[in-house]
Each structure stands twice: as C-alpha cells, then as structure tokens.
Amino acid sequence: MITDPRYDFDPKTVSITIGIMTIAYTSIGGLPASIITDKFQGIMVGILVIMLLFAVSLHSDNQITPVEFGVASNWTVDGLMTGITLFIAVLSASMFNLGTWQRVWSAKSDKDMKYGFIGGSFLIFILMMFFGIMGMIGYAKDPVAYDTFEKFSFLSFFDLLAPLAPGWHIVSLMLTTSLAASSVDSLQNALMSSFSTDLIKLQKRFGFHEEAPKWIARALIVVLNIPAVILGAKGYEVLSLFLIADLVCACAVLPVFLGLVTEDKLGGVVAAPTELGAFLGTISGIFTVVIIGVVVEAEGGLFDYFWLENGAICSLCGSKTMITFIITPLSAGFFCLLFSKLDVLIRGDTAHKPMFHFLGEESLEQDTGIDNEATKQVEDEKVMKIEEDTTKA
C-alpha cells in the first residue's frame, strides 16, 4: 500500500500541512483543544483496530498457518535485548514528556489523575499487544521480504491493509494522518506552556507588555516546527530519531528526577542532589555515550554514536544498544550523586541553593522586594491569565 504509485505523495507537503494546522488550532484552543483531539484519537484508533481485525480475519491474502505464525512469534535473545532497550528508552523519554505533565496539571483531582493513568496504561498495554500480534502476522506473510528489508517491519500494519479496496486505503491514510496530528499538537501545546512559564517570569523581571509572553511563545513554536518539517520531509527512519531523543533523555533522567530527594541518605553519606550535581551528572551521561562509542569502535565523529549505528539489524537491536541504555542512566545518576556530595563538601549549605536563578523566584524577590509567598501568588495569577488567553479555557 505504501509503495503503491496511486498513493505517491510528497512528504514535505504532509509535514507542512500537519504543522500549520496543529499550530493554528492549538494557538486558538490551547490545552482544551489538545485534550479534545486526544479523545478523537482514541476513537480513530478503535476504528483502525476494527479495520485490521476485518482485514486479517476475513481477507484470504492475510491468512497464515500456525507454522508460519510460529516462525514470526518465536522467543529469541535478540528479542529480549530489544525489549529491555525499548523499556528503558521509552521510560526515560516519557519522564520528560511535557504533554503528560500537562495532563497531570489539568487533572480534576489526584484521584481522577490516578484512575486516568491506570486506565490509560491498561488500554495502551492491550493496544500495543494487539499491534504486536498484527506485526507478527504481517511478518509471517512474507518473512523473506522483511528479512531482506524489501519491506519494513514498522510498516507491516499497512501491508495487512493492502488487500482491502482502495476506498479503505484512503480511510486508513486519513486516520493515521489525524493520529499524527493529534500527537504533534500535544507536543506543541506542551512546549507553549513551558515557554510561557519562563517568559512570564521574564516579563515580570523586565516589565515588558503583558501580552508579549503569549505571542513570543507562539513565534517560538513556529520556529521550532521549521526543522521538524524539514526532518519529516527528508524521510528519516522514525525509530532512529526517537532513539536519539530517548538516549539524550537517558543521560538526564536520573540527575533530574533525583532532585525529588531533598534529604541526605545513609547517614549523610549520600547527599541530597544539588543543582550543580544534577547538571554535571547530565554532562557525565553524555560523555558516557561518547566513551561507549569509542569502546565499541563506532564509525563517524565523536557524537555520531548517538545514532546507535552498531552493526545490528536495526538501531534498537543488539547487545551494544542494550548495554548503552543500561549504563548511561546509571552512570549519570552515579556522577550526579558524586558531584552533589563534592559540591556540599566544598560549598556547604549554599550548595542546595539555586545557582542558575536568572528566571528564578530568588532574583524576582531581590528585584521587587516582594516576599517569597507573595511572589508565588503573583506568578500563579500571571500564569493563569496567560493560559486563559492562550487556551480560551
């Protein structure tokens, strides 16, 4: 279906269209618009699941024997290593997913948030298992083509839909494009929120126009979409792009989230992480990836190993990739704690005070003379006002 000349289209056109449309309605509707598209996303996934079930169970071209399915679904060491890599990679990236944290912020209550995450996690697990089985069926139909990369495993979904009538092809393309747009708008809206928070602090510090943070944030979103559209048009393998982001997140996940520890542990042997310790821990994680690349003799320049080109059948596969994703966060976490301890020994109690507080409450307090509690209240009111203007909520 993907290689069918009847459906040949320019990736640049698709990328630009999705970018423009999502920027337009997220700028107007904000978070509520993104949440509404998420609801439609669930409906569209349900329609795709039904289409796949009919395509697999009723169309003769998708029928396979138990022996053929056994070849596609056997347990392998490579599969286990890929599963471990995928778990660490997705977990690291998900911790930095601003869209998820926006949902946490917008939840009606802690109870609703917990039920939402539990229900969502269960549904995602079932959905991923379903698509995993569909992928195995797609592979079982033509294993030689997938092994020789004549077909790509991540497109096996379309291979199963190919025997359907052309009208269903159009429907599936519309649904998958809409799903992509729904994911993109969540990221755009989350970035808008993150930019707005810091821009509001800058607005208070320097006293420029109250509407400026909203429009500057929108402009930044447009600018960030330009390289995204260019990369999308180039047709890079999406798995490789995701893994680069996942590996960068793995460098920072423990240094950042160890910051939730506010008291010393083990009788003071392990100091509560400091800002400087977290920063140096993240840098250590990046250098860990570079060192691993040197050890495994990866091709290219110093930072090219972030592409995880290690000779395996895919960037997600192989023992080198798995070991990289295991060692990197552990190394970053270890050095975060080590540098934090050294920081406390050298600077004492001041080590736990902010160093990079250009946008922080401390600098605001010094400039305005407002006490800490009042500063928070003023900033919260500013954030709520800008978000109301931005989201129309």
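Me: So pLDDT is the predictor's confidence in each residue, from 0 to 100; which element has the lowest mean pLDDT, and which the highest?
Reply: Helix α13 (residues 361-368) has the lowest mean pLDDT, 43, and α12 has the highest, 95. Helices here (H or I, at least four residues) and strands (E, at least two) are DSSP runs, numbered from the N terminus. This is a predicted model, in which local features need pLDDT of at least 70 and side-chain atom pairs count only at pLDDT 80 or more, while totals for chains, interfaces and linings use all residues. Residues are numbered from 1 along each chain as its sequence is written, and side-chain values use heavy atoms, with hydrogens and water left out.

Me: And what is the average pLDDT of the protein?
Reply: The average is 83, and 87% of the residues score at least 70. Over residues 359-376 the pLDDT is below 50, although this stretch has 23 contacts in the model beyond near neighbours in sequence, where a contact means heavy atoms within 4.5 Å.

Me: How many helices and strands are there?
Reply: The protein has 14 helices and 0 strands. Of its 393 residues, 33% are buried, and buried means under 20% relative accessible area, exposed over 50%, and partly exposed in between (1.4 Å probe, protein chains only).

Me: Let's look at α3. Which of its residues are buried?
Reply: In α3 (residues 77-94), which has 18 residues, the buried ones are Met81, Thr82, Thr85, Ile88, Ala89 and Ser92. They lie on the same side of α3 because they cover an arc of only 135° around the axis, the arc being that of the directions from the helix axis to the C-beta atoms. An α-helix has 3.6 residues a turn, so residues three or four places apart point the same way.

Me: What do those buried residues pack against, and what is on the other side?
Reply: The buried residues of α3 pack against α10 (238-257) and α12 (319-347), whereas Leu80 and Phe87, on the other side of α3, are exposed.

Me: Changing topic: how many residues does the largest nonpolar core have?
Reply: The largest nonpolar core has 19 residues, and those with the most contacts inside it are Leu48, Leu52, Met134, Phe157, Leu160 and Leu161. α1 (11-58), α5 (110-141), α7 (156-161) and α8 (166-206) are the elements that give two or more residues to this core, and α1 gives the most, with 8 residues. Another core, of 13 residues, lies apart from it, and Leu243, Leu247, Ile292 and Leu316 are among its members. Such a core is a set of buried Ala, Val, Leu, Ile, Met, Phe, Trp, Tyr and Cys residues joined through side-chain atoms within 4.5 Å.

Me: How many disulfides are there?
Reply: The count comes to 0 disulfides, taking a disulfide as a pair of cysteine sulfur atoms within 2.5 Å.

Me: Why is there no bond at Cys249?
Reply: The closest cysteine sulfur to that of Cys249 is in Cys251, and because it is 8.9 Å away, it is too far for a bond. Cys249 is also buried, with a relative accessible area of 16%, and Cys336 counts as buried too, at 0%.

Me: Last one, on the loops: where is Leu266, and is it buried or exposed?
Reply: Leu266 is found in the loop between α10 and α11 (275-295), and it is exposed, with a relative accessible area of 67%. Its phi is near 55°, a positive value in a residue other than glycine.

Note on methods:
The expected span of a helix is 1.5 Å times one less than its number of residues.
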